[in-house]
Amino acid sequence: MLPSEIDNASAPARRSMLAKIIREQTVGRQTELVAMLRKHGHVATQSSVSRDLRELGVAKVGDRYVLPDTLAASQNDFSTLKQFVSARLTAGTNLTVLKTTVGSAQSVAVAIDTARWPEVVGTISGDDTIFIATAGPLEQRQLGDRLLAIFGR
């Protein structure tokens, strides 16, 4: 097996352990996570941990990593993420922009993607900004109404 195949094969178990570590301990650096994962017998590099954090929708709040409440996200309950959204803007007729606190855009975007709203074509997130694409102006209005109801913005 190639190293990348080993990494891909072990990713689900590594992500599960990563989530457990973040849930149970205060961790603020990826290098700490790499060391903890290796201590538990998982193949981990900074780049694999970075990918795993993105896949898990982990946000950095202050000086620590936090997991999104996956149960709430699967039930379309965004109440735990509401605190991170600060503004909603439109750009053209099919792009909505959400501004979030620094480090939390990925968690909010993952929750939106997981919800599979019919009006959303896709999301792109950075550190504090999310671009949400819709098919057109009608879908953009539907999304705006939904976001207003959820986040109050």
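## Exercises on a hairpin and its sheet

Glycine 122 sits across from alanine 133 of β6. Keep that pair in mind while you work through this predicted model.

**Exercise 1.** Work out in which sense β5 and β6 pair, and over how many bridges.

*Solution.* Start with the ranges: β5 covers residues 120-125 and β6 covers residues 129-134. Next, look at what links the two strands: three residues lie between them, and the strands form a hairpin. Now check the partners. Besides the glycine 122 and alanine 133 pair, serine 125 has isoleucine 130 in β6 as its bridge partner. The pairing comes out antiparallel, with five bridges.

**Exercise 2.** Place the hairpin in its sheet: what is the strand order, and which strands are at the edges?

*Solution.* Four strands make up an open, antiparallel sheet, and the order reads β3-β4-β6-β5. The edges go to β3 (85-90) and β5, each of which pairs on one side only. As for twist, neighbouring strands here are turned by 20° against each other on average, ignoring direction.

**Exercise 3.** Find which strands α5 and α6 touch, and how each helix is directed.

*Solution.* Take α5 (residues 105-115): this helix packs on the sheet and touches β3, β4 (95-100), β5 and β6. Its direction makes about 165° with that of β5. Then take α6 (residues 137-151), which also packs on the sheet, in touch with β3, β4, β5 and β6. For α6, the angle is about 20° with the direction of β4.

**Exercise 4.** Zoom out: how many helices and strands does the protein have, and in what order do they run?

*Solution.* Count six helices and six strands. Reading from the N terminus gives α-α-α-β-β-α-β-β-α-β-β-α.

Terms used: Residues numbered from 1 in each chain as written. Predicted model: local features only at pLDDT ≥ 70, side-chain atom pairs only at ≥ 80, totals over all residues. Heavy atoms only, no water. Pairing = 2+ DSSP bridges. Axes fitted to C-alpha atoms, helices over the stretch in contact; angles between N-to-C directions. Contact = heavy atoms within 4.5 Å.
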